[in-house]
Amino acid sequence: ITKFQKDVQSAADENQIYEISSEWLKRITPFKFISFFTLNQEMNFELSYIEPKKLREKVEREFQAQLQAGILAWVLNSEKTVPVTPELDEFKGGNQLLMRPLETQEGVIGLFIAQKESVAEDLQQLELMLLNVSLVSTTLALENTSLTHQLKEANFELESKVEARTKKLQE
């Protein structure tokens with residue numbers, strides 16, 4: 001897990017964080033799909049990453065169904081991975097969905113939704129612990145990437161102001 005944490009913290013951008021996390025999570029247990037939703041500036045969730053990509057529309061529909069059923073409010077108030085019964089027929093007959101809010105001290109920044117591949121197996125305690133620790137690391141990496149981006153933007157604005165004032169003083 002230490003290597004995963006180093007890799008995810010050194011990722012170049014959000015998409016690379018999702019890719020590294022997805023590959024790591026698949027090593028813990030096989031998944032039918034893994035998805036990450038992020039909270040955008042309008043405070044709406046948007047699907048930022050899905051593996052496999054062919055399930056994008058189905059996962060988005062499942063997300064909307066969970067939202068309309070009121071399940072997402074319950075999930076977002078939990079601080080752990082919770083099993084949720086699928087709403088859509090495409091995912092019924094298999095394992096429950098696993099959902100976890102991606103939350104920092106500032107609040108929720110995203111949501112993890114996945115479904116295990118194997119119907120017969122429940123998530124074992126060790127797998128659940130590794131999943132939770134991995135998703136916390138993913139969340140921290142996403143927050144660090146966002147903060148770094150904000151810092152670069154603020155630095156650029158400050159440099160522009162200094163340059164403009166310097167020109168004004170030289171005139």
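E127 is buried, with a relative accessible area of 16%. The model in which this residue is studied is a predicted one.

**Exercise 1. Find the salt-bridge partner of E127 and state where both residues lie.**

Solution.
Step 1. The partner of E127 is K116, and the closest N and O atoms of the two are 3.8 Å apart. The cut-off for a salt bridge is 4 Å between such atoms, so this pair qualifies.
Step 2. K116 belongs to strand 5 (residues 107-116), while E127 belongs to helix 5, so the salt bridge ties together parts that are 11 residues apart in sequence.
Step 3. Buried means under 20% relative accessible area. K116 has 4% and is therefore buried. E127, at 16%, is buried too.

**Exercise 2. Which residue forms a salt bridge with K3, and how are the two placed in helix 1?**

Solution.
Step 1. The residue is D7, with 2.8 Å between the closest N and O atoms.
Step 2. K3 and D7 are four residues apart in helix 1 (residues 2-9), which means that about one helical turn separates them.
Step 3. Exposed means over 50% relative accessible area, and partly exposed covers the range between 20% and 50%. With 58%, K3 is exposed. With 29%, D7 is partly exposed.

**Exercise 3. Describe the salt bridge between E60 and R56.**

Solution.
Step 1. The side chains of E60 and R56 meet at 3.9 Å, taken from N to O.
Step 2. Both residues are in helix 3, four residues apart, or about one turn of the helix.
Step 3. E60 has a relative accessible area of 31% and is partly exposed. R56 has 32% and also counts as partly exposed.
Step 4. The count for the model comes to five salt bridges. The pair E60 and R56 is one of them.

**Exercise 4. Is F4 buried or exposed, and which residues does F4 touch?**

Solution.
Step 1. F4 is located in helix 1.
Step 2. Its relative accessibility is 4%, so F4 counts as buried.
Step 3. Leaving aside residues up to four places away in sequence, F4 touches I20, S21, W24, S134, S137 and T138.
Step 4. One of these, S137, is 133 residues from F4 along the chain, yet the C-alpha atoms of the two are separated by 8.7 Å.
Step 5. For the chain, 54% of the contacts between residues at least 6 apart in sequence join residues at least 24 apart.

**Exercise 5. Locate two backbone features: the cis peptide bond at P52 and the positive phi of M43.**

Solution.
Step 1. The peptide bond that leads from E51 to P52 is cis, and its omega is near 5°.
Step 2. P52 sits in the loop that joins strand 2 (45-51) to helix 3 (56-68).
Step 3. M43 has phi near 65°, a positive value in a residue other than glycine.
Step 4. M43 is in the loop between strand 1 (31-39) and strand 2.
Step 5. M43 has a relative accessible area of 58%, so this residue is exposed.

**Exercise 6. Which residues make the nonpolar surface patch, and where does M129 lie?**

Solution.
Step 1. The patch is made by I1, L126, M129 and V133, with an area of about 350 Å².
Step 2. M129 lies in helix 5 (residues 125-170).
Step 3. A residue needs over 30% relative accessible area to join a patch. M129 has 46%, so it clears this limit and counts as partly exposed.

**Exercise 7. Describe the chain as a whole, from its elements to its surface and charges.**

Solution.
Step 1. The chain has five helices and five strands. Their order from the N terminus is α-α-β-β-α-α-β-β-β-α.
Step 2. The C-alpha trace spans about 75 × 35 × 30 Å along its principal axes.
Step 3. The chain has 171 residues, and 38% of them count as buried.
Step 4. The accessible surface is about 10600 Å², and 51% of that area belongs to carbon and sulfur atoms.
Step 5. There are 19 positive and 27 negative charges, and the mean positions of the two sets are 3 Å apart.

Methods
Residues numbered from 1 in each chain as written. Predicted model: local features only at pLDDT ≥ 70, side-chain atom pairs only at ≥ 80, totals over all residues. Heavy atoms only, no water. Buried < 20%, exposed > 50% of the residue type's maximum accessible area, 1.4 Å probe, protein only. Contact = heavy atoms within 4.5 Å. Areas by Shrake-Rupley, 256 points an atom, 1.4 Å probe, with all protein chains shown as cover. Lys, Arg positive; Asp, Glu negative; His and termini not counted. Charge placed at Lys NZ, Arg CZ, Asp CG, Glu CD. Patch = residues over 30% accessible without salt bridge, like charges linked within 9 Å, V, L, I, M, F, W, Y side chains within 5 Å.
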